[in-house]
Amino acid sequence: MSLTYRRELVHRYYSDDSEQESSPVFKANEIMQMKDDVREKFDNPLNILLWAILVPYNVYSNQSSLCWQNASAAAGIDGYTEIPKELCHFNLNDIQSKQLSTALKKQGVAPTAALVFAGVHAYELVLNELPFSVVMQASLQTRSFESSHPSLKERRFVGDWLIGILHRVRTWSRLFGIGSYKVEDAKKFYHELILGLKTTDASVRDGFYSRVLGKVKGGAATFEKTPCFPGNSRLNDSLFFNNYGVRTMHPDSGCVGFNWSGAGKVGINCILVQGRLCCTVASTQLPLATVEGIRDTFKTIIEAMMDGEDGDEVVKRIVKERAG
């Protein structure tokens, strides 16, 4: 059950009976609409054509990744067989979460950028390769739609708002050891992500088209898992990532955390609930011990940055310690 549904269920449980009639959560079609400038960009035939031109290659790339996974699984190589999801958590209390926020602010790093940076290197340090991309879940609810209703600001409406923004990590230069993934790369990605969502840039349009014009359209992430996904995600060779941001539950519920997981080879889902950072690391390919290793490395990087260490230096230190 997603957080939106669970939040609404808990909210109604602790509210009076009139809440069911007055709640706007299932009324998005009635009280909100897509912004005119956003609609114009999405409907622009040239934008659609520019996306469509790359679809054959993108589907080929995704199918290629799937074939390599199946061949490796058939050969008995560990970490390639599709399995029931394995997952584990890393949660901070409210004091630790504030400490992390303060430390990152001093370093000039947005929390999402820090979490992406830690996720990329946790993946690399444990699996000995960079993820092909970070498949970033991003919501269009508050950026591409408008409404005078206060629930829009709370992102309370139920709907298929998520698209996959692709952040290429395994570049040719990094693949051949020329340069590495640094904090500045994660910061640049996050800055471009926020700007792109505000302006509906090519990355956002591509993510939107890949969802609404793809073979599978519904679900929080199901549409990205199909081998015929028209975006070049290579999900079973990438890091699936989602930072839900700040969320609240009804104060009488006593909620102290919320964890949920996504799809793919490695998925990291983060959310700040009631002032507490909650992170889940999961996989539908890797054994639990490996997933826990990724979680522990992710935790080490985040905790070091929380203590004021520079992220790039943290990664260098971990590499040196494990080599020795």
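**Close-up 1. Leucine 9, an exposed residue of helix α1.** In this predicted model, leucine 9 has a relative accessibility of 53% and therefore counts as exposed, since exposed means over 50%. The helix in which leucine 9 is found, α1, covers residues 3-13. Leucine 9 and arginine 317 lie 308 residues apart along the chain, and a distance of 45 Å separates their C-alpha atoms.

**Close-up 2. Asparagine 128, in the loop between α8 and β3.** The loop that holds asparagine 128 follows on from helix α8 (111-127) and leads to strand β3 (133-139). The phi angle of asparagine 128 is near 60 degrees, which is a positive value in a residue other than glycine. With a relative accessibility of 69%, asparagine 128 counts as exposed.

**Close-up 3. Arginine 234, a buried residue in the loop between α12 and β6.** Arginine 234 is placed between α12 (222-225) and β6 (239-247), and although arginine 234 is not a glycine, its phi is positive, at about 45 degrees. The relative accessibility of arginine 234 is 14%, so this residue counts as buried, the cut-off for that class being under 20%.

**Close-up 4. Asparagine 243 and its surroundings in strand β6.** Asparagine 243 is found in strand β6, and its side chain is joined to the side chain of threonine 112 by a polar contact of 2.7 Å. When neighbours within four places in sequence are left aside, the residues in contact with asparagine 243 are Thr112, Leu115, Cys270 and Ile271.

Terms used. Residues numbered from 1 in each chain as written. Predicted model: local features only at pLDDT ≥ 70, side-chain atom pairs only at ≥ 80, totals over all residues. Heavy atoms only, no water. Helix = DSSP H or I, 4+ residues; strand = E, 2+ residues; numbered from the N terminus. Buried < 20%, exposed > 50% of the residue type's maximum accessible area, 1.4 Å probe, protein only. Polar contact = N/O pair within 3.5 Å; in protein donor to acceptor, adjacent residues only side chain to side chain. Contact = heavy atoms within 4.5 Å.
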